[in-house]
Amino acid sequence: MISINDLLTRMVKECRPYCKTGKVASYIPELSAYDKNLLGIYLIRTDLREHFAGDSTAEFTMQSVSKVLILLAALIDTDLNRIKTKISFEPSHDGFNSIVNLETRDSHKPLNPFINSGAILSIGFSNGKTYEDKFCRILSLLHEITGNKNIGIHEGVYKSEKMTGSRNRALAYFMKSVGVLDGDVEEVLDAYFKICAIKVTVKELAQIAATLANRGISVSTGKRVFSPEAAQTVNAMMMLCGMYDESGSFAVSVGLPSKSGVGGGIMSVSPGKVGVGIYGPALNEKGSSIAGIELLKKLRNELDIGVF
Ligand code: DON
């Protein structure tokens, strides 16, 4: 019988040609330097077995995958009902950095915590007096989940986005202007840009995903990091909004709660079974790893891990 490692190696080989059909993100200048042919995968099962293949040691920045950490910290440090007073939990069919719903909805509430406006606002719910403290809180949550205190940020990517992040500034200043966002906008954004620039490999994404699959008990340390209810909320949001305005078609073709980022990462959860981390910086037009999505389709079929 073929081993899972051999199966993953074969799937990475079959999916790598898709990298050529995507583009590396360039609106954050530093990201454009990444090699678009990279593709790696890491799996951690809830019985703690681990499997990997391809470019599994390549480092990249979390970008929007970090929105899962922001939401988890908010759910741990405050309660869901308080978050709901400021942010809706509904899918969006607009792009991840769209401003349109913020302006046209009466409440000016972001549609969900996984679009940029919702994530920027969610940072405020985590513990910490200042936004620098809140950034440290969110990074330390990742340290707790992975058991690895050495994880930090990619300074070059952080500075590159801080210098060029006009769209996020527009979203944040709009929310400030209508009274939705409290505090100093530049400080909030500084924390957001740092969180997006947290540097990981597919292993750390798999550790977060497997901890979500394990209902909040870290697969790396055996300690409870968040409640089963928080895992349930985050998994539901990942299914409905994690792949932005292609979350519906992704639910049909893959059927796993997932979160993508323009750094090329995708994190997927099969509740009770397995957490998956994927890296492939060549993106489709929605901002998700093009070969990564193909890899997940194969994985779902080969291992029968879809939730539907
Ligand atoms: O805020 C931004 O635009 C980026 N730091 C993150 C966006 C992102 O990853 C969207 N993902 N697909």
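In the predicted model, strand S5 (residues 258-260) and S6 pair in the antiparallel sense, with three bridges between them. Within this pairing, Ser258 has Ser268 of S6 as its bridge partner. The hairpin that S5 and S6 form has four residues between the strands, and in this hairpin Gly264 adopts a positive phi near 110°.

S6 also pairs with strand S7 (residues 274-279), again in the antiparallel sense and here over six bridges, with Gly275 of S7 serving as the bridge partner of Val269. Three residues lie between the strands in the hairpin of S6 and S7, where Gly272 takes a positive phi near 80°.

The burial of S6 (residues 265-270) extends to six of its six residues, so the strand is largely enclosed by the rest of the structure. Both of its faces are covered, since Gly265, Met267 and Val269 are buried on one side, while Ile266, Ser268 and Ser270 are buried on the other. Ser268, the bridge partner of Ser258, and Val269, the bridge partner of Gly275, thus belong to opposite sides of S6.

A further buried position is found at Phe114, which is located in the loop between helix H4 (100-104) and helix H5 (116-122). With a relative accessible area of 0%, Phe114 falls under the 20% cut-off and is therefore classed as buried. When residues up to four places away in sequence are not counted, Phe114 touches Lys67, Val68, Leu71, Val234, Met237, Met238, Cys241, Gly242, Tyr244 and Lys259. Phe114 and Ala172, separated by 58 residues in sequence, lie 15 Å apart in space, C-alpha to C-alpha.

Key: Residues are numbered from 1 along each chain as its sequence is written. This is a predicted model: local features need pLDDT of at least 70, side-chain atom pairs count only at pLDDT 80 or more; totals for chains, interfaces and linings use all residues. Side-chain values use heavy atoms; hydrogens and water are left out. Buried means under 20% relative accessible area, exposed over 50%, partly exposed in between (1.4 Å probe, protein chains only). Helices (H or I, at least four residues) and strands (E, at least two) are DSSP runs, numbered from the N terminus. Two strands pair if DSSP finds at least two bridges between them. Contact means heavy atoms within 4.5 Å.
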